Every structure is written in C-alpha cells, then in structure tokens.
Amino acid sequence: MRLFRNFIPLLAVAGLLISGCIAEEGKPDEKKDSVELTGFQESISLSYDGSETASFKVVSGMTWSVTKSAGSEWLTISPANGGANTPAEVTISVAPNDDLERSASFTFYCASVEKTATVTQAAMPIVPEIDVRLEEKLVPFLFNVLDPVQFVVWSNVKWTVEKNGLDWLDVTPAEGERKTETLVTLTPSLNEGVAREGTLTFKAEGATDVVVNVTQTEFVDDPFLTVNGIPEDGKYLFANTPEAGLELSVVTNRSWTATKSEGLDWIDVSPSSGDKNIDGVTVTVTASPNTGSNSREGTITFTSSDASVEPVVLAVSQEGKILNWIWTLKDEVLKKTTWASNAKAKSDNGVAEMEWITANDASCYSDNAAKGPIVSSKGEGHYAYKGLWTDDNLQFTIPVKAEAGHKVTIKFGMSATKHAPSFWMVEYKSGDEWIATEKSKLTNKKKHTAEATFVLKNADDIYNISQSYVCPKDEENIQIRLRCVNGKYPVDSNDLGKAHKSGTIRIRQWSDGSCDQIFISYE
C-alpha cells in the first residue's frame with residue numbers, strides 16, 4: 001500500500017476532528033457526534049498500471065458514506081460506507097489505464113460533514129508512432145492524369161502533414177486524430193512544364209517523421225488522350241431512374257470525339273466532341289429512365305484525332321424497371337370483382353391472372369365437396385377457399401418474358417380455420433417442372449410432419465408470407481402457385497382424412513397491415 005507524502009501535519013498526527021451534530025438540550029455530545037478522518041487528502045495521484053493505492057481512516061459516532069463522480073468506473077472506493085462507532089480504513093484503488101491521463105472525484109459524507117478529493121491516474125506510457133500505409137513511400141503521377149491517390153494514416157498520437165515543394169498537390173485532410181484510421185487523398189494539378197517533385201512529411205510530437213516522396217512527370221507534347229472519372233473496371237451502371245449523370249474529364253492535346261455504340265439512344269454525352277484541352281473539359285454522361293423490365297447496355301468510345309492514340313472505352317449499362325402486379329385485398333375492391341364466381345381474377349392492371357386449380361377429382365373430397373373461392377362477407381378483404389385437398393392450388397400466370405438471373409418475389413398474408421390443411425408449398429414453374437422456392441421438413445401443431453415451404457400452426461393466426469426466387473433460365477412467362485401439400489393434415493384437429501366444409505383458408509392482409517394485397521414483383 002502506498003503512503004502519501006505532503007500530508008497536512010495536523011491530519012497526519014492527530015487526524016481531523018469535526019463536530020457538527022448537537023446532542024439533547026442543545027449541548028454537543030462530542031463522543032457521539034465527532035468525525036475523525038486520518039490520512040484524508042484532497043488530491044491523490046496514482047500510477048497508470050493500478051499497482052498503487054491510497055487510504056484514509058474513519059472514526060465516527062455516526063454512519064457515513066462515500067460517493068464517486070460520474071464516469072469513474074475505473075475508480076474503486078472500499079468500503080463505500082460504514083456504521084457508527086465502527087472504525088474503518090477506506091482504500092482508494094484504480095484499474096490499469098491504457099490511455100491518456102484521467103481524473104475523477106469522490107466525496108465523503110457524514111451528517112453535515114462533506115469532504116471531496118480528486119484522484120488523478122497517470123497516462124499509460126507510449127512510444128509515439130505514425131504508420132503511413134504505403135508499401136513504398138513514393139507516389140508517382142503522370143503529368144496528365146489527375147485521378148487522386150488515397151492511402152491510410154494511423155498514429156497513436158495526433159498528427160499533421162507538411163508539404164515541401166508541392167504547391168501543385170492538394171492533400172486532404174492535413175491532420176488526424178490519435179488512434180484513428182484517416183484516409184488521406186492526394187490530388188495533383190496538370191503539369192505543363194518540367195518534371196517536378198516534393199515531399200510530404202507526417203509529423204507528431206515525440207514520433208519519428210515519415211517522409212513520402214511525390215513526383216510528377218514532365219509535360220510531353222506527344223499525342224495523348226486521358227478520360228478521368230471512369231471507374232477502374234471501365235464500367236458504369238446507371239440506376240433504372242438515374243438521379244444524376246456521370247461526370248468525366250477529357251484531357252488531351254488533340255481534338256477528340258465520343259461515339260456511342262448502336263442502340264445507345266438512351267444515353268446522352270455532352271459535349272460529344274472537343275478541341276485540345278490540357279486543363280480538361282467536363283463531359284457529362286446521362287441516361288434516360290428505363291421503362292422496360294430488362295437491363296440494357298452499350299459502350300462509349302473516346303477517340304483522339306491522332307490515330308496513334310489508343311481509344312478510351314466506357315461500358316455503360318442500366319437496370320431494368322421493377323415490374324409489379326397486385327391483387328388488392330380490400331372490401332371495396334373485392335365487391336366489384338367476379339373472383340368468387342369464376343375462380344379467376346385479373347391483377348389490378350388487368351395483365352396477370354390468378355386461378356384456383358382443383359387438382360383432384362371429386363372422389364378425393366368429403367361429402368362436402370370443394371366450395372371454391374369465397375369473398376369475405378364480413379367486409380374484411382379476405383379471398384378464401386373451402387374444402388381443399390392435396391395439390392389444390394392458387395396459381396398465378398404473368399405474361400412477361402422472364403430472363404435467367406432475374407428475381408421474382410411474391411407476398412401475401414394467410415390464415416386458416418382449424419380443419420383446413422396446415423402444410424403449404426410456394427412453387428414456380430421452370431420448363432415443365434414446378435420447383436419450391438423454399439422447403440424443409442416441418443411439423444404442425446398435432447406433430448404431423450411434411451416437406452413444405454411453411455406450416456399453419458394455429459387456427460386464425462395470420463402468417464406473413466414472402467418468398468423469392470431467381471429465374472434459372474429464360475421463360476415465356478412467369479408462373480407461381482400456392483399448393484396444398486397434404487389435405488389430410490389439418491391445422492388444429494384430430495379428425496384426419498377429410499376436407500371439411502368448415503375447413504377454410506384465407507388469403508389476406510399481413511398481420512401488421514403493411515401489405516394489403518397479393519403482391520408479385522419481377523426485377
């Protein structure tokens with residue numbers, strides 16, 4: 001235990017005797033109301049590694065306590081309180097410090113007595129260092145290439161960078177905080193004269209300087225054509241509805257033109273030609289919105305008037321439009337449809353169709369034969385079906401050519417009465433085969449198992465269904481279905497093997513109301 005020097009002599013020898021409480025009939029009871037603190041210091045300094053402690057003794061005729069300031073989890077006061085007439089030694093200790101110097105305070109309370117001390121813990125000793133993450137401390141620039149170069153700088157202390165002979169170079173940022181990875185960007189200006197060079201010196205107090213050499217080649221009047229701003233892979237993807245164009249800078253000492261490939265009328269290049277400009281001319285490439293479902297692509301070729309200069313090619317592409325088809329599940333819409341009368345329903349835009357398919361003959365059903373689609377009579381916006389059996393399904397056909405690699409998504413809500421089938425599969429058609437979007441071995445409430453996409457476990461619970469798949473090959477149209485896997489396994493009934501009259505499934509809104517339609521998208 002560390003003993004501290006520079007104690008107040010009176011405290012060290014005799015302690016601090018404080019009387020503040022009044023006994024009966026207004027007379028002090030010194031034995032009962034006294035508080036004696038021995039070794040208490042108002043300023044305490046401890047080492048960074050937590051090996052040192054401090055302490056003081058308490059003798060009091062009253063209960064007492066010690067509280068710490070906020071944010072002082074690293075500081076421990078033990079014990080933090082004590083009883084009357086029970087002498088105690090209070091120890092002040094700290095956790096090891098792996099950072100800067102830190103301070104906190106604690107306050108001793110006993111009735112009207114209040115004494116505060118500040119505890120300061122030394123910073124962890126460090127060797128300041130700077131790490132400039134460049135394999136070679138050299139950044140070379142060509143006289144006509146203005147694309148920036150970036151690298152990371154890290155230091156365990158705050159750092160700055162000084163430029164020497166680099167008035168032609170922009171450095172951002174020029175300083176960084178301790179223990180922070182900072183991305184530094186170097187951007188040159190065009191060199192129209194002799195080769196030039198300079199240094200960047202990264203500095204921090206106590207650290208060894210790190211010097212980076214920066215060079216730029218001399219201006220050459222040989223024909224050249226540089227297009228700055230093209231991505232490294234030479235490709236640029238426009239969104240379906242672009243918010244902005246792509247800005248390029250054409251730097252050349254000859255005249256130039258930009259030529260679009262055939263069918264690239266959806267791209268505009270402005271300007272599409274120009275004269276010598278070694279400072280660089282801004283060229284903006286913009287795309288019109290793509291109203292089709294398929295992506296589109298092409299190339300823009302920048303050509304110098306001097307045939308010896310290699311052309312610069314930019315490949316451009318654009319995402320196709322996401323196509324949606326919906327069947328609105330709202331009472332006011334359902335009342336205006338003929339869904340229940342013919343088991344078919346067109347999407348809201350009249351393009352796609354869904355249809356209830358009765359896959360089995362009548363012998364597979366109970367005496368209460370299949371009742372077909374029903375629109376909710378309670379105005380709840382449900383599209384229902386009674387008397388289902390194995391392989392009966394709700395099938396969707398969308399007359400849109402599906403291309404391999406495109407994504408199709410279907411969303412709807414679903415619930416069922418207790419006698420309705422519990423196991424269901426979502427499938428899509430590829431060639432002549434129906435393929436599950438997702439399937440696994442599932443178990444229903446009555447412990448029956450089956451391979452299915454999802455299972456309805458509780459009667460009348462709403463299940464939010466969202467399934468997607470990626471088209472494995474080109475198809476003439478999109479076909480998806482919701483299929484009953486096994487009609488004899490109901491949701492919550494022990495009566496197996498019948499398609500009950502009361503067994504009803506409902507296609508409905510999501511449980512949170514965020515989807516109030518059958519929704520299918522292609523993107």
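Reader: Looking at strand 44, which residues lie on each of the two faces, and are those faces covered or open?
Author: In this predicted model, Q517, F519 and S521 lie on one side of strand 44, while I518, I520 and Y522 lie on the other, and both faces are covered, with all of these residues buried.

Reader: Why do the residues split into two sets like that?
Author: In a regular strand the side chains alternate between the two faces of the sheet, so neighbours along the chain point to opposite sides.

Reader: And how many of the residues in strand 44 are buried?
Author: Six of the six residues in strand 44, which spans 517-522, are buried.

Reader: Which strands pair with strand 44, then?
Author: Strand 29, residues 323-328, pairs with strand 44 in the antiparallel sense over six bridges, and strand 35, residues 407-416, also runs antiparallel to strand 44 and is joined to it by four bridges.

Reader: Where in strand 44 are the bridge partners of N324 and T409?
Author: N324 has S521 as its bridge partner, and S521 is likewise the bridge partner of T409.

Reader: Changing topic, what is the strand order in the open sheet of five strands?
Author: The order is 3-10-9-5-7, and the pairing in that open sheet is mixed.

Reader: Why is one side of strand 3 and of strand 7 left without a neighbour?
Author: Strand 3 (43-46) and strand 7 (81-82) stand at the edges of the sheet and each has a single partner strand, so one side of each has no neighbour there.

Reader: How many bridges link strands 9 and 10?
Author: Strand 9 (residues 102-110) and strand 10 (residues 113-121) are antiparallel and pair over nine bridges; R102, for instance, has Q121 in strand 10 as its bridge partner.

Terms used
Residues are numbered from 1 along each chain as its sequence is written. This is a predicted model: local features need pLDDT of at least 70, side-chain atom pairs count only at pLDDT 80 or more; totals for chains, interfaces and linings use all residues. Side-chain values use heavy atoms; hydrogens and water are left out. Two strands pair if DSSP finds at least two bridges between them. Buried means under 20% relative accessible area, exposed over 50%, partly exposed in between (1.4 Å probe, protein chains only).
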